[in-house]
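Trainee: I have a new model open and would like to learn how to read it with you. Could we go through it feature by feature?

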Amino acid sequence: MVMWVFGYGSLIWKAGFHYDDRLVGFIKGYRRVFYQGSTDHRGTPEFPGRTVTLEPAEGEFCWGVAYRISDEQDKRTAITYLEVREKQYDQKASLDFFTDPAAVTPAVSGVMVYIGSPDKKINMNYLGPAPLEDIARQIVLAEGPSGPNRDYLFQLEKALLQIGCEDKHIKDLADEVRRLLSERKLKGEEV
């Protein structure tokens, strides 16, 4: 049996596991938001970074990539890897994946998606919504074992553009982070 994994954040540019095929497309009824805290990759427990999660949003599409894994050993390796990498996401969903906005029938049914839920009782790292400027400021200052939080944002913006998707939330946030970094540079602060 084939396994499909949907990436809407760093999985777009860095899968980290062997796969047979990679399709560009989207899931319906969700939007990508920088509401998930990262205390293990792009921040620390003392100062969390922000990464993306999914939020239900009627009528919206979330673009990303779906990875097809068919080899049994590759599936086991991918699951083991993803359970560590995505450990701060408390939910796994099985969703329909589309490649054509006009399509009624999904290209793939049952893609696995990791989601950080807004329930702080089970997802201690959920940070939730905040004004764009506050999210940007946190991203500018946060850094973790995987590097500066801003690198995650800029990589995501670039990866989305490479697959032909301009996500307004990501673009607005990246522009605000660039503005804050420029401002800090002008003041002679470390960037």
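**Reading burial, helices and packing**

Mentor: Happily, and let's begin with one residue: Met112 is buried, at a relative accessible area of 13%. Keep in mind throughout that this is a predicted model.

Trainee: Why does Met112 count as buried?

Mentor: The general idea is a cut-off: buried means under 20% relative accessible area. Met112 has 13%, so Met112 falls on the buried side.

Trainee: Which strand does Met112 lie in, and which residues does Met112 touch?

Mentor: Its strand is β5, residues 108–115. Leaving out residues up to four places away in sequence, Met112 touches Met3, Trp4, Val5, Phe6, Ile79, Leu82, Lys92 and Ala93. You can also look at a C-alpha distance: Met112 and Phe97 are 15 residues apart along the chain, and their C-alpha atoms are separated by 9.8 Å.

Trainee: Let me step back to the whole chain. How many helices and strands are there?

Mentor: The chain has four helices and seven strands. Read from the N terminus, their order is β-β-β-α-β-β-α-β-β-α-α.

Trainee: What radius of gyration does the chain have, and what would a compact globule have?

Mentor: The idea is to compare the chain with a compact globule of equal length. For 191 residues such a globule would have a radius of gyration near 16 Å, and the chain has 17 Å, so the two agree. Along the principal axes, the C-alpha atoms fill a box of roughly 55 × 35 × 30 Å. Of the 191 residues, 48% count as buried.

Trainee: What share of the contacts joins residues 24 or more positions apart?

Mentor: Take the contacts with a separation of 6 or more: 73% of them come from residues 24 or more positions apart. As for the outside, the accessible surface is about 9,700 Å², and carbon and sulfur atoms hold 52% of that.

Trainee: Now a helix. What span should α4 have, and how far apart are its ends?

Mentor: The check is to set the expected span beside the end-to-end C-alpha distance. Helix α4 covers residues 168–186; at 1.5 Å a residue its 19 residues should span 27 Å, and its end C-alpha atoms are 27 Å apart, which agrees.

Trainee: Which residues of α4 are buried, and where do they fall around the axis?

Mentor: The buried ones are His169, Ile170, Leu173, Ala174, Glu176, Val177, Leu180 and Leu181. Looking down the axis of α4, you find these buried residues within an arc of 165°, so they line one face of the helix. The face turned away from that buried side carries the exposed residues Lys168, Lys185 and Leu186. Covering the buried residues are, among others, β2, β3, α2 and α3.

Trainee: And the ends of α4: which residue caps the N-terminal end, and what follows the helix?

Mentor: Asp167 is the cap, with a side-chain oxygen 3.0 Å from the backbone nitrogen of His169. After α4 comes Gly188, with a positive phi near 80°.

Trainee: Can we try α3 the same way? What do its span and its end residues tell us?

Mentor: Its 14 residues should span 20 Å at 1.5 Å a residue, and the end C-alpha atoms of α3 are 20 Å apart, so expectation and model agree. Among the buried residues of α3 are Asn149, Tyr152, Leu153 and Leu156. Their cover includes β2, β3, α2, β6, β7 and α4. Just after α3, Gly164 takes a positive phi of about 85°.

Trainee: How do I read a buried polar residue, such as Gln138?

Mentor: Look up its burial, then its partners. Gln138 lies in helix α2 and counts as buried at 16% relative accessibility. Its side chain makes a polar contact of 2.8 Å with the side chain of Arg50. Beyond four places in sequence, Gln138 is in contact with Phe47, Pro48, Gly49, Arg50, Leu127 and Asn149.

Trainee: Is Asn149 buried or exposed?

Mentor: Asn149, in helix α3, counts as buried, at 0% relative accessibility. Its contacts outside four places in sequence include Arg42, Gly49, Arg50 and Gln138. The buried residues of α2 in turn pack against β2, β3, α3 and α4.

Note on methods:
Residues numbered from 1 in each chain as written. Predicted model: local features only at pLDDT ≥ 70, side-chain atom pairs only at ≥ 80, totals over all residues. Heavy atoms only, no water. Helix = DSSP H or I, 4+ residues; strand = E, 2+ residues; numbered from the N terminus. Buried < 20%, exposed > 50% of the residue type's maximum accessible area, 1.4 Å probe, protein only. Contact = heavy atoms within 4.5 Å. Expected span 1.5 Å × (residues − 1). Arc of directions from axis to C-beta. Polar contact = N/O pair within 3.5 Å; in protein donor to acceptor, adjacent residues only side chain to side chain. Rg over C-alpha atoms; globule rule 2.2 N^0.38 Å. Areas by Shrake-Rupley, 256 points an atom, 1.4 Å probe, with all protein chains shown as cover.
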